[in-house]
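Biologist: Please show me the structure, and then let me ask how each label on it was reached.

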Amino acid sequence: MNEDYVLELEHIRKEYPGVVALKDVTLQLRRGEILGLIGENGAGKSTLIKCCSGAVIPTSGKIRINGKEFDRMTPQLAAENGIAIIYQEFNNVKELSAAENMFLGRPIRKGMVIDRKAMEEEAAKAFAQLRIKINPRELVKNLSVGYQQMIEIAKAIQQNAQVLIMDEPSAPLTNNEVESMFEVVELLRNRGVSIIYISHRLEEIFHLSNRIEVIRDGEYVDTLITKEATVDQLIRMMVGREMTQKFPPRKPCIDESKVVLELDDVCGNGDQHMSLKIHAGEVVGLGGLVGAGRTELAQVIFGAKPKDSGRILLNGKEINPKSPREAIDLGIALVPEDRKRHGALLGVSIKNNINMPIYKRISTASVISSGTEKATAEKYREEIQIKCPTIGQLVKNLSGGNQQKVILGKWLAADSQLIIFDEPTRGIDVGAKFEIYKLINDLVEQGRAVLMISSEMEELIGMSDRIIVLAERQMTGELTKDQFDADTIMAMASAVVDQRNAG
Ligand SMILES: Nc1ncnc2c1ncn2[C@@H]1O[C@H](COP(=O)(O)OP(=O)(O)O)[C@@H](O)[C@H]1O
Ligand SMILES: [Mg+2]
């Protein structure tokens, strides 16, 4: 036992059927420190911290709190021993007030009745301590996500937590909200609360933490003192290899003689006069600010929104997709930005997801050929290396990068000629980004055409063969590779096209 540590996890192992989520992970939290816990998607961060609260029962390993060993942790025991966790998806009740949420499941009573007033007073006290302005009577549904998170933190304080564990707390917040959250976290550390802060955003970890623990593929890698660590070193530890290249090399594969997609003065869905060509083997990047009309253009091409005028040609033939279904049958695929909502069916298996667009093709009189279904899914699992125990695994249990691969597998199976990516790597960490870039390369090297919407300048420049920039629903520029330059692209993205002057 070590006096310095408030929480110790030793040799934690967690097996799920078919997956070992944690192999042998150790974590030691010092009194009064902020320990950053980092690792790629699927590394096992959430599983590890759930072991501290009893939400997950480890297959083996030891947990000590203040030197006291626990054979079996339960949520009750964790709370009694001063451990509070703020999960990625906090479970509050939107219809209840801030105060009621703070005392959810453990209301203050006066005799037999619930003492609402006392709860509101206690809540107000906790909010004041954190210097946050929330009316304890306000219904949670009227509060922003940032405030909802503050309520969770206040709850931990009210319960006198000694250890606060936060799982990707910045993910749902706006920049301003992140700053307020940082202030509260630092305030708590100064009061002696020990904090585990999980994030894959390294700037945050550098800003807040005293030490940083890295885990990878369910295994402990190392713990560093923040002041002595560098970004490159941490990335290398997270990814497990040198990341000298951000963008994988691509073989020259553009076939100028083959125009896969042509837009000829297309107007629709708010966008005006869109003209462009994408060749086989080419990645055309679509740059611009949020709201410039890039997603809207993708929707028109994908048949999700009607066009008002102009022509769309696929492989030289005019098409008029009236629905995504039609577009898919024609050979167009869209990998949307919000893949949780639109890209993959999360509650469904990898196998079903991959076969989704081709069920019609592989069925005879409505009977699906299960052999073909399985073979197709296995083929793409192998080809694009979807990391999963079996193709029967539900997509929601995969990491973000692997979810993205499933979506891709689905469009490969559908034999799409044109693949439109809308922010392909948003919310994905470094290692998985590289994998996605490799997949995009594979697609074009096989003669497909890619239209890639991206707000990340580096990605746009690193991956595109040509860049087209939109601003306020119009095209404001087109650059060939030798003209790529961040300032030029930004200027084009901010250009206001004044129709009256132009006309
Ligand atoms: N309930 C579960 N059933 C099966 N596998 C799971 C479950 N929860 C997590 N996993 C798997 O365990 C691994 C670690 O996941 P997780 O702890 O969520 O990683 P992180 O939080 O670092 O992104 C992943 O491969 C994930 O698919
Ligand atoms: Mg997680």
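The exchange below concerns a predicted model and the reasons behind its labels.

Biologist: Which residues make up the shell around ligand 1?

Modeller: The shell consists of Tyr16, Ala21, Glu40, Asn41, Gly42, Ala43, Gly44, Lys45, Ser46, Thr47 and Asn397. A residue belongs there because one of its heavy atoms lies within 4 Å of the ligand. Helix H1 (residues 45-53) supplies the largest share, 3 residues.

Biologist: How many residues of each class does the shell around ligand 1 have?

Modeller: There are 3 nonpolar, 6 polar and 2 charged residues. Gly counts as polar in this scheme.

Biologist: What makes the approach of Ser46 to ligand 1 a polar contact?

Modeller: The cut-off is 3.5 Å between N or O atoms. A polar side-chain atom of Ser46 is 2.8 Å from an oxygen atom of ligand 1, so the pair qualifies. Two backbone cases pass by the same cut-off: a polar backbone atom of Gly44 lies 2.9 Å from a ligand oxygen, and a backbone N or O atom of Asn397 lies 2.4 Å from an oxygen of ligand 1. Of the 560 Å² of accessible area that ligand 1 has on its own, the protein covers 72%.

Biologist: How do you know that the span of helix H6 agrees with the expected value?

Modeller: Helix H6 covers residues 175-190, which is 16 residues. At 1.5 Å a residue the span should be 22 Å, and the end C-alpha atoms are 23 Å apart, so the two agree. Just after H6 comes Gly192, with a positive phi of about 100°.

Biologist: Which residues of H6 are buried, and what do they pack against?

Modeller: The buried residues are Glu177, Val178, Met181, Phe182, Val184, Val185, Leu187, Leu188 and Arg189. They pack against strand S3 (34-38), H4, H5, strand S9 (163-167), strand S10 (194-198) and helix H7 (202-208).

Biologist: Why is Ser180, which is in helix H6, called partly exposed?

Modeller: Its relative accessible area is 35%. Partly exposed runs between 20% and 50%, so Ser180 falls in that class. Its C-alpha atom is separated by 19 Å from that of Leu35, 145 residues apart along the chain.

Biologist: What is the span of helix H4, and what is expected?

Modeller: H4 (residues 116-129) has 14 residues and reaches 20 Å from its first C-alpha to its last, close to the expected 20 Å. Its buried residues are Ala118, Met119, Glu120, Ala123, Ala126 and Phe127. Their cover includes helix H3 (98-102), strand S8 (113-114) and helix H5 (145-158). Arg131 follows H4 and has a positive phi, near 55°.

Biologist: Why does Gln148 in helix H5 count as buried?

Modeller: Gln148 has 8% relative accessibility. Buried means under 20%, so Gln148 is buried. Not counting residues up to four places away in sequence, Gln148 touches Phe90, Asn92, Lys94, Val140 and Leu143.

Biologist: Why is Ser199 called buried, given its place in the loop between S10 and H7?

Modeller: The relative accessibility of Ser199 is 1%, so it is under the 20% cut-off and counts as buried. The side chains of Ser199 and Glu204 are joined by a polar contact of 3.2 Å. Beyond four places in sequence, Ser199 touches Leu37, Ile38, Glu168, Ser170, Glu204 and Ile205.

Biologist: What makes Pro172, in the loop between S9 and H6, partly exposed?

Modeller: At 39%, the relative accessible area of Pro172 lies between 20% and 50%, so Pro172 is partly exposed. Leaving aside neighbours within four places in sequence, Pro172 is in contact with Val145 and Glu177. Pro172 and Val145 are 27 residues apart in sequence, and their C-alpha atoms are 7.1 Å apart in space.

Biologist: Why does Arg473 count as partly exposed?

Modeller: Arg473 has 24% relative accessibility, over the 20% limit for buried and under 50%, so it is partly exposed. Arg473 sits in the loop between S23 and S24 and has a positive phi of about 70° although it is not a glycine. Glu472 has its place in the loop between strand S23 (466-471) and strand S24 (474-480), with a positive phi near 45°.

Notes. Residues numbered from 1 in each chain as written. Chains lettered and ligands numbered in written order. Predicted model: local features only at pLDDT ≥ 70, side-chain atom pairs only at ≥ 80, totals over all residues. Heavy atoms only, no water. Polar contact = N/O pair within 3.5 Å; in protein donor to acceptor, adjacent residues only side chain to side chain. Areas by Shrake-Rupley, 256 points an atom, 1.4 Å probe, with all protein chains shown as cover. Helix = DSSP H or I, 4+ residues; strand = E, 2+ residues; numbered from the N terminus. Expected span 1.5 Å × (residues − 1). Buried < 20%, exposed > 50% of the residue type's maximum accessible area, 1.4 Å probe, protein only. Contact = heavy atoms within 4.5 Å.
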